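Here is a short walk through one model, taking the strands, the charged pairs and the confidence in turn. Have the structure open as you read.

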Amino acid sequence: MDFNMKKLASDAGIFFTRAVQFTEEKFGQAEKTELDAHFENLLVRADSTKNWTEKILRQTEVLLQPNPSARVEEFLYEKLDRKVPSRVTNGELLAQYMAEAASELGPTTPYGKTLIKVAEAEKRLGAAERDFIHTASINFLTPLRNFLEGDWKTISKERRLLQNRRLDLDASKARLKKAKAAEAKATTVPDFQETRPRNYILSASASAAEQELRVAQTEFDRQAEVTRLLLEGISSTHVNHLRCLHEFVESQTTYYAQCYRHMLDLQKQLGSSQGAIFPGTFVGTTEPASPPLSSTSPTTTAATMPVMPSVAGLVPPGEAALCLEEVAPPASGTRKARVLYDYEAADSSELALLADELITVYSLPGMDPDWLIGERGNKKGKVPVTYLELLS
């Protein structure tokens, strides 16, 4: 008990000394040991890394799980070291509702059949989303979270310890300065009654202060080196986060590619069925399914879509322009079509399109079903079907 009380009193004395030194520094009444410029740059880079990692982590969590209540629930499960229960995605829930609606409204009716097809596609989209969330959480979120909860906590602990060592060092410098000042004053203005004893005490006090300063300087240098090594490790953290970022982009690319394939398959299925139900009408929608990507200036108001890769038609690309000019439209089978989105021709065999313009289109034997021949005035070229609404 006596030992603990002594340690407590010693700790309280150290804390009080540091508090006094810190307060005097804030009021400009004490000198402060400054770190070198390289060390300060390492501190700034570490703080910036920590702040941006937190922001990226939080926003990625919002991207993967927009529901804040669900995010809080998952956070609590993780803190309790319990497995997060499986959650149905929005796409899978929509698929379930569509399938139940089709069963009740009649699975053999045109509407019911379409509901079933869309439900299957939405279910596949939901499964792809689930895989993306799982992959992104493991390959991207977990390394960021490990840095904040592991490496950064260690760095913060060592930085606080370095701050305490610096306060101890500066307090020792201040005590040594006061001891030497008192010793010099006693030398110039001696006390004739007790000159020798007092000078001896002041000299011993200055020697003790010098010894204390040497110990404080050694501890500060040692702690500064430990902290410097940890801060320099931020470069390795950047390399690790860069690798994780590449993996996140790969998983996101795979996810959107799967979604595109699923929706393209669904569009083809609906195209064949709707063509049989509503002959002479274009299959699809007149509005873009997702926010269009503009390839024109910001002032352009027409809707645009990303440029589709050129698909070979009847002939090789090198001969396409010549052959298309020579090909005459069929006597019957030409139709008018309204352009839904701007389209930039990939080569001379294609026809550039502007949203809302009317063109004449027709198909030739052996052509890719995703493409038609379009005519506008004396210009002719291949056009993608998905950019058109067939009118007649």
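Over how many bridges do β3 and β4 pair, and in which sense? They pair over 6 bridges, in the antiparallel sense. Keep in mind that this is a predicted model, so the confidence values further down deserve a look too.

**The sheet**

β3 and β4 belong to an open sheet of 5 strands, in the order β4-β3-β2-β1-β5, with antiparallel pairing. Because β4 (379-384) and β5 (388-390) sit at the edges and have a single partner strand each, one side of each is left with no neighbour in the sheet. Ignoring direction, neighbouring strands here are turned by 40 degrees against each other on average.

Here are the strand pairs with their bridge counts:

| Strand pair | Sense | Bridges |
|---|---|---|
| β1 (residues 335-339) and β2 (residues 358-362) | antiparallel | 4 bridges |
| β2 and β3 | antiparallel | 3 bridges |
| β3 and β4 | antiparallel | 6 bridges |

If you'd like to check the register, start with Arg338, whose bridge partner in β2 is Leu358. Then find Val361, which stands opposite Gly374 in β3. On the other side, Trp371 stands opposite Pro384 in β4. The hairpin of β3 and β4 has 2 residues between its strands, and Gly377 takes a positive phi there, near 65 degrees.

And why is strand β3 (residues 371-376) described as largely enclosed by the rest of the structure? Because 5 of its 6 residues are buried.

**Charged pairs**

Salt bridges come to 13 in this model. One of the pairs is Arg228 with Asp36, whose closest N and O atoms lie 3.1 Å apart. That one ties together distant parts of the chain: Arg228 sits in helix α6 (residues 195-232), while Asp36 is in the loop between α1 (2-26) and α2, and 192 residues separate them. Asp36 counts as partly exposed, since its relative accessibility is 36%.

Arg145 and Glu61 also meet through their side chains in a salt bridge, at 2.8 Å from N to O. Again the link is between distant parts of the chain, with Arg145 in helix α5 (residues 110-188) and Glu61 in helix α2, 84 residues apart. The two ends differ in exposure: Arg145 is buried, at a relative accessible area of 17%, whereas Glu61 is partly exposed at 25%.

Asp170 and Arg166 make a more local pair, being 4 residues apart in helix α5 and so separated by about one helical turn. Their closest N and O atoms are 2.5 Å apart in the salt bridge, and both residues are buried.

Back at the sheet, Arg338 turns up again. Together with Asp356 and Glu389, Arg338 is part of a network of salt bridges.

**How far to trust it**

Mean pLDDT for the protein chain is 79, with 70% of the residues at 70 or more. Among the elements, helix α2 (residues 37-64) has the highest mean pLDDT, 95, and helix α8 (residues 317-326) the lowest, 50. Glu61, the partner of Arg145, lies in helix α2.

Where does pLDDT stay under 50? Over residues 280-322, a stretch for which the model has 73 contacts beyond four places in sequence.

Key: Residues numbered from 1 in each chain as written. Predicted model: local features only at pLDDT ≥ 70, side-chain atom pairs only at ≥ 80, totals over all residues. Heavy atoms only, no water. pLDDT = per-residue confidence, 0-100. Contact = heavy atoms within 4.5 Å. Salt bridge = Lys/Arg side-chain N within 4 Å of Asp/Glu carboxyl O. Buried < 20%, exposed > 50% of the residue type's maximum accessible area, 1.4 Å probe, protein only. Pairing = 2+ DSSP bridges. Axes fitted to C-alpha atoms, helices over the stretch in contact; angles between N-to-C directions.
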